[in-house]
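Here are a few short exercises to work through with the model open beside you. Try each task before reading its solution.

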Amino acid sequence: KQVGSPPPKPSERDTHSPLSSGNGNTFISEGMRFRVPRLLHATRRSFLYASSSSSGGGSSRSARPSWRAPPSRAAAEAPLRRTLCVESGEVASPKVIRKVSLSSAFAQFSDHWSPRVAGEVNDMHIKLAKIQGDFIWHHHETEDELFLVTKGTLRMKIRDPAQEGKERVEVVREGEFIVIPAKVEHCPTCEDECEIILLEPKSTLNTGNLKDSDRTVKELGKINPV
């Protein structure tokens, strides 16, 4: 190619390229579109390295800027995600996971008809109670109750709605449980001391609809994990 020779005529592809001016003066050819980002990146790195070398007075290895891979999307979003969770109240202090010995837990109290909270499952309380004698007839408007007998024999008196409120007794022995649905009148009783586990919603009052009975326990004690 001779010096001063006219530039080659642009091809039809270059003329109609979106990177052309439309009048035959091509700014960047079609084939260069995918090379431009790489060229710009290489030029930027060369400029930074040259600036670092000139400012540091030499081309030592320590004068070069350190290059690190950009953080992943999950790592970049983690601080924001933690902030949003804290502001929305979703993050709570972690609970200590411990096993509970039933024999040691029941040994922590001796009074009857006074349930203790031994644990929580979602919106449910796991309660331990010692009972003896007769309780009172009551029902719960919205809560079901589970009674699991771990020691002794529980006699559950029920006014069964399936039998038009006729009273009957279910005998629940050690290792057995019974579920009392909401709105069902019932009265637990036992001759000798009985130890039971109750699983019921946190809103459950031990006397149900009788909120001011002398058997009502509004402030529940708690079992210390052993």
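**Exercise 1. Which side chain does the side chain of Thr 207 meet in a polar contact, and is Thr 207 buried or exposed?**

Solution. This is a predicted model, so read every distance as a computed value.

Step 1: Start at the side chain of Thr 207, which makes a polar contact with the side chain of Thr 216 at 2.8 Å. The Thr 207 side chain also reaches the backbone oxygen of Leu 210, at 2.5 Å.

Step 2: Place the residue. Thr 207 sits in the loop between β7 and β8 (221–222).

Step 3: List the surroundings. Beyond neighbours within four places in sequence, Thr 207 is in contact with Phe 135, Ile 136, His 138, Ser 213, Arg 215 and Thr 216.

Step 4: Decide on burial. The relative accessible area of Thr 207 is 0%, and buried means under 20%, so Thr 207 is buried.

**Exercise 2. Is Lys 222 buried or exposed, and which residues does Lys 222 touch beyond four places in sequence?**

Solution.

Step 1: Find Lys 222 in strand β8.

Step 2: Compare its relative accessible area of 65% with the cut-off of over 50%; Lys 222 is therefore exposed.

Step 3: Look for its partners. Not counting residues up to four places away in sequence, Lys 222 touches Arg 116 and Val 117. Lys 222 and Val 117 are 105 residues apart in sequence, but their C-alpha atoms lie 4.6 Å apart.

**Exercise 3. Which elements give two or more residues to the largest nonpolar core?**

Solution.

Step 1: Find the core. The largest nonpolar core has 17 residues, and Phe 147, Leu 154 and Ile 196 have the most contacts inside it.

Step 2: Assign its elements. Two or more residues come from each of β2 (124–134), β3 (145–151), β4 (154–160), β6 (177–180) and β7 (185–201). The largest share, four residues, is from β7.

Step 3: Zoom in on Phe 147. Among the residues it touches beyond four places in sequence are Leu 154, Met 156, Phe 177, Ile 178 and Ile 196.

Step 4: Look for another core. A second, separate one has six residues, including Ala 105, Leu 128, Ile 197 and Ile 223.

**Exercise 4. Over which residues does pLDDT stay under 50?**

Solution.

Step 1: Take the overall view. The mean pLDDT of the protein is 78, and 58% of its residues reach 70 or more.

Step 2: Pick out the stretches. Residues 14–22 stay under 50, with 19 contacts beyond four places in sequence in the model. Residues 83–87 are also below 50, with three contacts beyond near neighbours in sequence.

Step 3: Apply the caution. Where pLDDT is low, the predicted coordinates should not be read in detail.

Technical notes: Residues are numbered from 1 along each chain as its sequence is written. This is a predicted model: local features need pLDDT of at least 70, side-chain atom pairs count only at pLDDT 80 or more; totals for chains, interfaces and linings use all residues. Side-chain values use heavy atoms; hydrogens and water are left out. A nonpolar core is a set of buried Ala, Val, Leu, Ile, Met, Phe, Trp, Tyr and Cys residues joined through side-chain atoms within 4.5 Å. Buried means under 20% relative accessible area, exposed over 50%, partly exposed in between (1.4 Å probe, protein chains only). Contact means heavy atoms within 4.5 Å. pLDDT is the predictor's confidence in each residue, from 0 to 100. A polar contact is a pair of N or O atoms within 3.5 Å; within protein, one must be able to donate a hydrogen and the other to accept it, and residues adjacent in sequence count only if both atoms are side-chain atoms.
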